[in-house]
Amino acid sequence: MAKAVFLDYTGTILQTSGPDIEEMMERFTKGSSFASQQEAVRWWFSELGVMEEHAYQENYVPEEELCMRILEKAVREKGLKEDLLQMQRLNVSFWMYAPLYSDVRYFFEQCTNPIYIITNNSEEYVKICLRRNGLHANAVISADSVRAYKPRRELFEKALATAAVEGNDGIMIGDSTRDMEGASSVGMNCILLDRHKDKGDSGYRTVHSLREALRLL
């Protein structure tokens, strides 16, 4: 039986939509040479993944700086004409104020295990989101604290140490294989959250909601 539950943040707790991010991506697309918003979104997250991989230890920079670097690259390569500071502020606001998924509050109310959040985002932003929604987590473990992004094992080792549990006593619930890879590397049990049923056969235990995940704890 699990002694601690570790949750991803964006895409697991926080919806990947909302007025701030929708305005940002609409402006990002219209102000550049992307043919569609879908193309712009794919490019953004591809760049973010590469930058997160290289932002490690002495080369680490927080998500806000990565956001600005992507915007600056879009200026150079995609002809983006926008106020970059405004764009960055919209992205930061999204991390704090995007809506929760509808099953999140129920999960927090019904889960009998301590809940910890593992995130690439700033601890401050996650705590603001939790406070405004009246949710309690035992701790938030941010990439900033170890200067490494998912799926680097340092972030997951820090989470286990914070919870004072061994790997096989923890369950990681997240919506990406990066969550699963990092958790597996330190011996955590893994549950992949596939809300949209579009992840195929990942090889991990898969659920389609946090309500469903509760039954596996």
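Q: Which residues does A40 touch, leaving out those up to four places away in sequence?
A: This is a predicted model, so let's start with one residue in it. A40 has its place in helix 2, residues 37–54. Not counting residues up to four places away in sequence, its contacts are M25, F28, T29 and F34.

Q: How far apart in space are A40 and T29, C-alpha to C-alpha?
A: T29 is among the residues that A40 touches. The two sit eleven residues apart in sequence. In space, C-alpha to C-alpha, the gap is 6.0 Å.

Q: Is A40 buried or exposed?
A: Anything under 20% relative accessible area counts as buried. A40 comes in at 0%, so the call is easy: buried.

Q: Which strands stand at the edges of the sheet?
A: The sheet is open, with six strands in the order 3-2-1-4-5-6 and parallel pairing. Two of the strands have a single partner each, so one side of each is left without a neighbour in the sheet. Those are strand 3 (139–142) and strand 6 (205–207).

Q: Which residue in strand 4 does L7 stand opposite?
A: Strand 1 (residues 4–7) and strand 4 (residues 170–174) run parallel, joined by four bridges. Across from L7, in strand 4, is I173.

Q: What angle does the direction of helix 6 make with that of strand 3?
A: Helix 6, residues 123–132, packs on the sheet. There it touches strand 2 (115–119) as well as strand 3. Its direction and that of strand 3 make an angle of about 150°.

Terms used. Residues are numbered from 1 along each chain as its sequence is written. This is a predicted model: local features need pLDDT of at least 70, side-chain atom pairs count only at pLDDT 80 or more; totals for chains, interfaces and linings use all residues. Side-chain values use heavy atoms; hydrogens and water are left out. Buried means under 20% relative accessible area, exposed over 50%, partly exposed in between (1.4 Å probe, protein chains only). Contact means heavy atoms within 4.5 Å. Two strands pair if DSSP finds at least two bridges between them. Axes are lines fitted to C-alpha atoms, for helices over the stretch in contact, and angles run from 0 to 180 degrees between N-to-C directions.
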